[in-house]
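Hello,

Here is the structure I promised to hand over. My notes follow it.

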Amino acid sequence: MPEHEAGGAPGTPAHEVRDFLRRQREQIAQRWADEPLFRTVFTVSRDEAVEAGKAVVDALAQVADAQRVEDPDAAGFSAVREQLARMGAARSRAGLSNTQVSSELAALWPPVENLLVAEGGQGSPEELRACSTTLSVLLGTLRLVAMQTALSEGQALIDRQRLQLLEVATPVIKLWDGIVAVPLIGTLDSARSQVVMETLLNAVVDQHARFAILDITGVPTVDSLVAQHLMKTVAAARLMGAECVVSGIRPAIAQTIVHLGLDLGTVKTRASLADALGYCLHELGTNIVNAAPDGAGRR
């Protein structure tokens, strides 16, 4: 291997790798720019891919300088985590699996190895082997960092989509002036109950609602946790100046509530959404008139 740059620690493979990366920064970046991981992500120009490659090489050199080539939490990787995440996300959107993205990351090693072998012709085989091993470990750590970052970004995306689905699955419907309703379908858990409460309270403010109907016809079971969530939502609506009515309590759910000893005495309940709407309209002083079959008269 060539002699150390000034300031290096002689005889340390990690610092030899650091010096190698700094010397070959341009060549490594040029070769990486032709690899699928860079070429298919940075499509505007090849120069953009080269600059991205240089940033990764600089990060690797910083990690090698700190002699933390096996540590994915090394400070040097911080500067490229966002870039690696963007690259991994772009390849995932292109339809590649995590295994395929990992293979593309592994393909970054051969160009670097070839440069190392070409440059290390004057060094002893032992020195070359030690540097090659250290560099291989460093590239393996980079691969691990990239996959960890990609998985974290993927989980964050899943969490965002889950929240969006919860919001979509919890619509607030304006039934009448001053009356809004939330038809609930499926299981209620803590996260969804929080979304229900926030969505309902926002609708109460936006619609200037005096009544809010929680229809649980589509909720399969009601346990103590679900009942607590309902009670909290009712109490929050009251604080906002709206009366909350719970509808859709089926016979089986009513029996469950009784068996659990849950006290819903302070909550207005109705058997169906229609009954709840009728109650709210009555409280608003609105009279609903059914037309006769022939379209004339009142009932």
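Is Arg-68 buried, partly exposed or exposed? Arg-68 is partly exposed, with a relative accessible area of 35%. Buried here means under 20% relative accessible area, exposed means over 50%, and partly exposed lies in between (1.4 Å probe, protein chains only).

Before the rest, the ground rules. This is a predicted model, so local features need pLDDT of at least 70 and side-chain atom pairs count only at pLDDT 80 or more, while totals for chains, interfaces and linings use all residues. Residues are numbered from 1 along each chain as its sequence is written, and side-chain values use heavy atoms, with hydrogens and water left out.

Overall picture

The protein chain has 12 helices and 5 strands. Both are DSSP runs numbered from the N terminus: helices are H or I with at least four residues, strands are E with at least two. The chain has 299 residues, and 40% of them count as buried. About 15900 Å² is exposed, with carbon and sulfur atoms supplying 53% of it. Those accessible areas come from the Shrake-Rupley method with a 1.4 Å probe; for residues, only the protein chains shown count as cover. Now take the contacts with a separation of 6 or more: residues 24 or more positions apart account for 69% of them. Contact means heavy atoms within 4.5 Å.

Salt bridges

The count comes to 10 salt bridges. The rule asks for a side-chain nitrogen of Lys or Arg within 4 Å of a carboxyl oxygen of Asp or Glu.

Start with Arg-23 and Glu-119. Their side chains form a salt bridge at 2.7 Å, N to O. Arg-23 lies in helix 1 (residues 13–23) and Glu-119 in helix 7 (residues 109–119), so this pair ties together parts 96 residues apart in sequence. Arg-23 is partly exposed at 30% relative accessibility. Glu-119 is buried, at 18%.

Next, Lys-54 and Glu-26. This salt bridge is 2.8 Å, N to O. Lys-54 sits in helix 4 (residues 46–65) and Glu-26 in helix 2 (residues 25–32), so parts 28 residues apart in sequence are tied together. Lys-54 is buried, at 12% relative accessibility. Glu-26 is partly exposed, at 35%.

Then back to Arg-68. Its salt-bridge partner is Asp-71, with the closest N and O atoms 2.3 Å apart. Asp-71 counts as partly exposed, at 22% relative accessibility. Separately, Arg-18, Asp-19 and Asp-65 are joined into one network by salt bridges that share partners.

Helix 1 and the helix 2/helix 7 packing

Helix 1 is mostly covered, with 8 of its 11 residues buried. The buried residues are Ala-14, His-15, Glu-16, Val-17, Arg-18, Asp-19, Phe-20 and Leu-21. Arg-18 and Asp-19 thus appear here as well as in the network.

How do helix 2 and helix 7 pack, and at what angle? The angle is about 145 degrees, and the axes are 9 Å apart. Axes are lines fitted to C-alpha atoms, for helices over the stretch in contact, and angles run from 0 to 180 degrees between N-to-C directions. The crossing is right-handed. That term means the near helix is turned clockwise from the far one by less than a right angle; anticlockwise is left-handed. Helix 2 brings Gln-27, Ile-28, Arg-31 and Trp-32, which meet Pro-111, Val-112, Asn-114 and Leu-115 of helix 7. The residues of this contact divide into 5 nonpolar, 2 polar and 1 charged. Nonpolar covers Ala, Val, Leu, Ile, Met, Phe, Trp, Tyr, Cys and Pro; charged covers Asp, Glu, Lys and Arg; the others, Gly among them, are polar.

Positive phi

Most residues other than glycine have a negative phi. Two residues to look at here are Gln-67 and His-208. Gln-67 has phi near 55 degrees. Gln-67 is in the loop between helix 4 and helix 5 (78–93), and is partly exposed at 47%. His-208 has phi near 50 degrees. His-208 lies in the loop between helix 9 (190–207) and strand 3 (211–218), and is exposed at 67%.

Leu-175

Leu-175 is in strand 1 (residues 173–176). Leu-175 is partly exposed, at 27% relative accessible area. Leaving out residues up to four places away in sequence, Leu-175 touches Val-180, Ala-181, Ile-213, Leu-273 and Leu-277. The C-alpha atoms of Leu-175 and Ile-213 are separated by 9.5 Å, with the two positions 38 residues apart along the chain.

Best wishes
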